[in-house]
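Me: I have a structure open and would like to go through it with you. Could we start with its overall reliability and then move to the details?

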Amino acid sequence: MAKKLVGKMKLQIPAGKANPSPPVGPALGQRGINIMEFCKAFNAKTQEMEPGAPCPTVISYYQDKSFTMDIKTPPASYYLKRAAGLKPVGKRNRPRGAEKPGRETVASVTVKQVREIAEAKMKDLSANNVEEAMKIIVGSANSMGIEVK
């Protein structure tokens, strides 16, 4: 008999750095998911990825306290900031895009870099080919104040 799905939740966890501390531990614990089992499985699945890259993860949990996870590729903004070489700023020491996108440009990326990002994100984008995926990435870059040359 098939397992009964209780619910789904979404978390964004740095690759290879899942641990029982907040926000991961409390989010999983209140749903009855074994926190250490999840952390070990997540870290094992993301060990080939760049350490610390934010990974959107969809966790489906079942009545028998088991779970499955679907780990997606890091957001396009993460790849664009890295390709543009934006330096960390602000309270949380993270790189940021323009405060007024469309009016100011904070950095630029090449078409070749956009193609690489599109190819890396291809499985998570709703595009049929790389050219369509590149248009999606260019749109993200424009909304961040990053110019594509």
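Reply: The turns below take up confidence, the sheet, the helices and two individual residues.

Me: What is the mean pLDDT of the chain?

Reply: This is a predicted model. The mean pLDDT of the protein chain is 83, and 92% of its residues reach 70 or more.

Me: Where is confidence lowest, and where is it highest?

Reply: Strand 4 (residues 107–109) has the lowest confidence, with a mean of 82, whereas strand 2 has the highest, at 90.

Me: Now the sheet. What is the strand order?

Reply: The order is 1-2-3 in an open sheet of 3 strands, and the pairing is antiparallel. Strand 1 and strand 3 form the edges, each pairing on one side only. From one strand to the next, the twist averages 20°.

Me: And what packs on that sheet?

Reply: Helix 2 does, touching strand 1, strand 2 and strand 3. The direction of helix 2 makes about 30° with that of strand 3.

Me: How many bridges join strand 1 and strand 2?

Reply: Those two strands pair in the antiparallel sense over 9 bridges. Q12 has P56 of strand 2 as its bridge partner, and K10 has V58.

Me: What does V58 stand opposite in strand 3?

Reply: V58 faces D70 there. Strand 2 and strand 3 are antiparallel as well, paired over 5 bridges. Their hairpin has 4 residues between the strands, and K65 in this hairpin takes a positive phi near 70°.

Me: Why is strand 2 described as largely enclosed?

Reply: Of the 9 residues of strand 2, 8 are buried, so the rest of the structure largely encloses this strand.

Me: Back to helix 2. Which of its residues are buried?

Reply: In helix 2 (residues 35–45), the buried residues are F38, C39 and F42. Viewed down the helix axis, they fall within an arc of 100°, so they line one face of helix 2.

Me: What do they pack against?

Reply: Their partners are strand 1 (5–14), helix 1 (24–29), strand 2 (54–62) and strand 3 (67–71).

Me: Which residue caps the N-terminal end of helix 2?

Reply: N34 provides the cap, with a side-chain oxygen 3.2 Å from the backbone nitrogen of M36.

Me: I am also curious about T46. Is it buried or exposed?

Reply: T46 lies in the loop between helix 2 and strand 2. T46 has a relative accessible area of 1%; buried means under 20%, so this residue is buried. Leaving aside residues up to four places away in sequence, T46 touches A15, G16, C55 and I71.

Me: Different region: which residues of helix 3 are buried?

Reply: Within helix 3 (residues 76–84), A76, Y78, Y79, L80 and A84 are buried. The buried residues of this helix pack against strand 2, strand 4, helix 4 (111–121), helix 5 and strand 5 (146–148).

Me: What follows helix 3?

Reply: G85 follows, with a positive phi near 75°.

Me: Last one: where is A141, and what does it touch?

Reply: A141 belongs to helix 5 (residues 130–144). With a relative accessible area of 0%, A141 is buried. Not counting residues up to four places away in sequence, A141 touches L80, I146 and V148.

Me: How far apart are A141 and L80?

Reply: They are 61 residues apart in sequence, and 6.8 Å apart in space from C-alpha to C-alpha. L80 is itself one of the buried residues of helix 3.

Methods. Residues numbered from 1 in each chain as written. Predicted model: local features only at pLDDT ≥ 70, side-chain atom pairs only at ≥ 80, totals over all residues. Heavy atoms only, no water. Buried < 20%, exposed > 50% of the residue type's maximum accessible area, 1.4 Å probe, protein only. Arc of directions from axis to C-beta. Contact = heavy atoms within 4.5 Å. Polar contact = N/O pair within 3.5 Å; in protein donor to acceptor, adjacent residues only side chain to side chain. pLDDT = per-residue confidence, 0-100. Pairing = 2+ DSSP bridges. Axes fitted to C-alpha atoms, helices over the stretch in contact; angles between N-to-C directions.
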